[in-house]
Amino acid sequence: MTPREDALTQGWHHRHLLDVDMLSASDIDLVMRTAVEMKEILGRPIPKVPTLRGTQVTILFYEASTRTRVSFEVAAKNLSADVVNIAASSSSVTKGESLVDTIRTVEALGADMIVMRHARSGAPYLAAQVFSGHVLNGGDGWHAHPTQALLDLFTLRDRLPGGKVAGRKIVILGDILHSRVARSNIWTLTTMGADLWLCGPPTLLRGLERWAGALPSNRRLTVTTDLRAALRGAHAVMALRLQQERMAGGLLPSLREYSLRYGLTATTLRWARADALVMHPGPMNEGVEIGPEIAAFERSVVTDQVANGVAVRMALLYLIAGSGPIEGGETHG
């Protein structure tokens with residue numbers, strides 16, 4: 001192990017990445033520092049290293065995805081892994097095969113790492129119980145989206161003055177109730193010292209006051225329905241998509257009323273700081289939770305989030321695999 005490699009990998013002891021609540025502040029910082037190294041690799045003329053040569057990464061998605069699935073595939077290929085893509089809609093799942101049987105089949109076919117997305121909360125935990133390799137959660141139900149939260153944090157650190165989120169006011173706006181992105185961001189952002197505000201209509205904030213009370217006493221989390229109060233002085237605002245596919249009836253009077261009261265527009269953004277960043281995990285419903293003029297705003301970092309997702313997922317694959325030096329050389333187990 002080289003000194004440079006040791007500096008990046010020491011202290012990482014996690015076999016899987018199932019949620020961010022398993023990560024300490026030092027773990028998160030290690031992911032961020034490793035992602036910086038991976039972003040440097042992505043800036044090279046040939047952004048590829050042999051770090052995961054001989055490792056099979058199976059991407060198993062039970063839900064549709066573009067950003068997460070493609071990002072993981074690009075990340076794994078940049079590390080020279082062999083990548084297998086499985087969409088549940090075209091697999092034996094349609095014939096009634098259980099998740100456990102699918103995981104056992106994938107392992108028998110040589111998978112070393114599984115990147116998994118599933119509509120049921122907790123599904124990656126079940127996969128981790130029966131799989132002898134490594135499982136990375138690409139999003140499960142309403143529960144968690146750990147890699148999205150980590151790439152959001154990386155983007156904030158990359159773009160905020162001074163590179164820190166500690167003490168900065170960050171707002172997550174919209175459908176918090178159904179958002180696995182929000183749940184994971186609550187942990188990472190408060191862990192790293194952000195002053196986090198959650199804002200939306202009361203029907204989409206149910207139960208979140210209990211979350212705020214359950215966090216460690218040194219965390220800063222405010223839940224409010226007052227959009228002006230939430231945005232006032234904000235350093236960054238993340239708008240969330242309304243997840244109508246997960247909603248029961250009666251949560252919102254209409255999309256038009258939601259957009260008028262809680263949409264992030266040029267008018268409402270004026271309540272934030274003049275240099276406030278605009279974020280969105282995608283896909284965006286322009287004209288609903290975010291105005292088209294804001295989606296393409298000069299302070300929008302949405303495309304940065306997408307690009308940084310590759311570097312962060314490369315970092316996680318590298319750390320979890322416990323592989324060898326980032327630059328050159330052969331893969332070490």
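How many residues does helix 13 have, and how far does helix 13 reach from its first C-alpha to its last? Select helix 13 to find out: it has 20 residues and reaches 29 Å, close to the 28 Å expected at 1.5 Å a residue. That expected span is 1.5 Å times one less than the number of residues. Helices here are DSSP runs (H or I, at least four residues), numbered from the N terminus.

Before going on, a word about the model. It is predicted, so local features need pLDDT of at least 70 and side-chain atom pairs count only at pLDDT 80 or more, while totals for chains, interfaces and linings use all residues. Residues are numbered from 1 along each chain as its sequence is written, and side-chain values use heavy atoms, with hydrogens and water left out.

**Stop 1: along helix 13**

Now click on Asn308, where helix 13 bends by about 30°; the bend is the angle between axes fitted to the seven residues ending there and the seven starting there. Show the surroundings too: 15 of the 20 residues of helix 13 are buried, so this helix is largely enclosed by the rest of the structure. Buried means under 20% relative accessible area, with a 1.4 Å probe and protein chains only. Just after helix 13 comes Gly322, with a positive phi near 60°.

**Stop 2: the cavity**

Next, look for enclosed space. A search of the whole structure finds 1 cavity of 30 Å³ or more, with a volume of about 100 Å³. A cavity is a set of points on a 1 Å grid over the protein atoms alone where a 1.4 Å probe fits but cannot get out, and lining residues have an atom within 4 Å of a point. The volume is the space filled by probe spheres set on the points, which are joined across faces, edges and corners.

Select Arg67, Gln148, Pro281, Gln305 and Val306, the closest to the cavity's centre of the 13 residues that line it. Helix 13 gives the most to this lining, with 5 residues. Domain 1 (3–144 + 308–321) and domain 2 (146–306) both contribute residues, so the cavity lies between them; these bounds come from an automatic or database domain assignment.

**Stop 3: Leu30 in helix 2**

Finally, select Leu30, which lies in helix 2 (residues 25–42). At 3% relative accessibility, Leu30 counts as buried. Other buried residues of helix 2 include Ile28, Val31 and Met38. To return to helix 13's stretch of the chain, draw a distance from Leu30 to Leu316: their C-alpha atoms are separated by 9.8 Å, although the two are 286 residues apart along the chain.

Technical notes. On a 1 Å grid over the protein atoms alone, a cavity is a set of points where a 1.4 Å probe fits but cannot get out, and a pocket is an open set with protein on both sides within 12 Å along at least five of seven lines; lining residues have an atom within 4 Å of a point. Helices (H or I, at least four residues) and strands (E, at least two) are DSSP runs, numbered from the N terminus. Buried means under 20% relative accessible area, exposed over 50%, partly exposed in between (1.4 Å probe, protein chains only).
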